[in-house]
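Reader: I'd like to go through this one piece by piece. Can you put it up?

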Amino acid sequence: MKSFFPKASFLLMFTLILTSCIFSQAQKCRPNGRIRGKKAPSGQCNKENDSDCCVRGKMYTTYECSPSVSTHTKAYLTLNSFEKGGDGGGPSACDNQYHSDDTPVVALSTGWFNDKSRCLNKITISANGKSVVAMVVDECDSTMGCDKEHDYQPPCPNNIVDASKAVWEALGVPKNQWGGLDITWSDA
């Protein structure tokens with residue numbers, strides 16, 4: 001009986017450590033693939049807001065996940081136009097509508113967009129000592145890109161909050177610095 005408890009304790013400890021390691025590995029967001037860039041037909045890639053166009057032959061990493069969401073989720077803010085004819089491409093995925101750039105709206109990377117679970121919900125974005133509440137209206141696709149549907153732009157990284165001009169203005173970012181900014185965000 002004496003030797004049973006130390007062995008059982010060791011086995012229990014080993015099982016808990018192994019389970020913890022497996023769980024923590026499952027929580028990490030890793031690339032799930034790569035796609036090869038295609039050159040856009042003439043005039044087909046909208047470069048508004050300094051958007052990138054796919055480079056023929058370049059390999060782009062894809063993700064089906066994003067980092068875990070917390071009360072201060074770290075992300076990278078990019079600039080997007082949600083208006084018809086803007087660099088955001090077609091109508092927003094959440095409501096099949098275009099949105100004014102004067103309205104605080106965002107697109108989230110695929111993992112955070114989470115199969116539309118955040119559609120039309122609000123998030124709080126913080127940076128520059130300021131915060132703004134914006135509505136989620138679209139997905140910044142991390143799984144696909146370099147095709148007509150995605151305006152021949154590369155897939156989004158997995159940590160993007162793609163925001164309208166109204167968000168940048170509310171955060172007090174000087175216009176000549178618009179385009180990319182480290183931020184935190186949370187569900188509002």
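Author: One term before we start: helices and strands here are DSSP runs, of at least four residues for a helix and at least two for a strand, numbered from the N terminus. This is a predicted model.

Reader: Fine. Where is lysine 116?

Author: Lysine 116 sits in the loop between helix 2 (110–113) and strand 5 (122–127).

Reader: Is lysine 116 buried, exposed or partly exposed?

Author: Lysine 116 is partly exposed, because its relative accessible area is 46%, and the partly exposed class runs between the buried cut-off of 20% and the exposed cut-off of 50%.

Reader: What does the side chain of lysine 116 reach?

Author: The backbone oxygen of alanine 93, at 3.3 Å. Separately, the C-alpha atoms of lysine 116 and glutamate 139 are 8.0 Å apart, with the two positions 23 residues apart in sequence.

Reader: Staying in that loop, what is the phi of asparagine 114?

Author: About 55°, a positive value, although asparagine 114 is not a glycine. Most residues other than glycine have a negative phi. Aspartate 115 also has a positive phi, near 50°.

Reader: And how accessible is aspartate 115?

Author: Aspartate 115 has 76% relative accessibility, so it counts as exposed. Asparagine 114 is partly exposed at 40%. Both belong to the loop between helix 2 and strand 5.

Reader: Switching to charges. How many salt bridges does the structure hold?

Author: One. Arginine 118 pairs with aspartate 187, and their closest N and O atoms are 2.8 Å apart. Arginine 118 is in the loop between helix 2 and strand 5 and aspartate 187 is in strand 8 (residues 180–187), so the pair ties together parts that are 69 residues apart in sequence.

Reader: Which class does arginine 118 fall in, buried or exposed?

Author: Buried, because its relative accessible area is 12%. Aspartate 187 is partly exposed, with 40%.

Reader: Now strands. How many bridges join strand 1 to strand 2?

Author: Four, and strand 1 (residues 33–36) and strand 2 run antiparallel. Within that pairing, isoleucine 35 has tyrosine 60 of strand 2 as its bridge partner.

Reader: Which side chains of strand 2 point to the buried face?

Author: Tyr60 and Thr62 point to one face and are buried. Met59 and Thr61 point to the other face and are not buried. In a regular strand the side chains alternate between the two faces of the sheet.

Key. Residues are numbered from 1 along each chain as its sequence is written. This is a predicted model: local features need pLDDT of at least 70, side-chain atom pairs count only at pLDDT 80 or more; totals for chains, interfaces and linings use all residues. Side-chain values use heavy atoms; hydrogens and water are left out. Buried means under 20% relative accessible area, exposed over 50%, partly exposed in between (1.4 Å probe, protein chains only). Two strands pair if DSSP finds at least two bridges between them. A polar contact is a pair of N or O atoms within 3.5 Å; within protein, one must be able to donate a hydrogen and the other to accept it, and residues adjacent in sequence count only if both atoms are side-chain atoms. A salt bridge is a side-chain nitrogen of Lys or Arg within 4 Å of a carboxyl oxygen of Asp or Glu.
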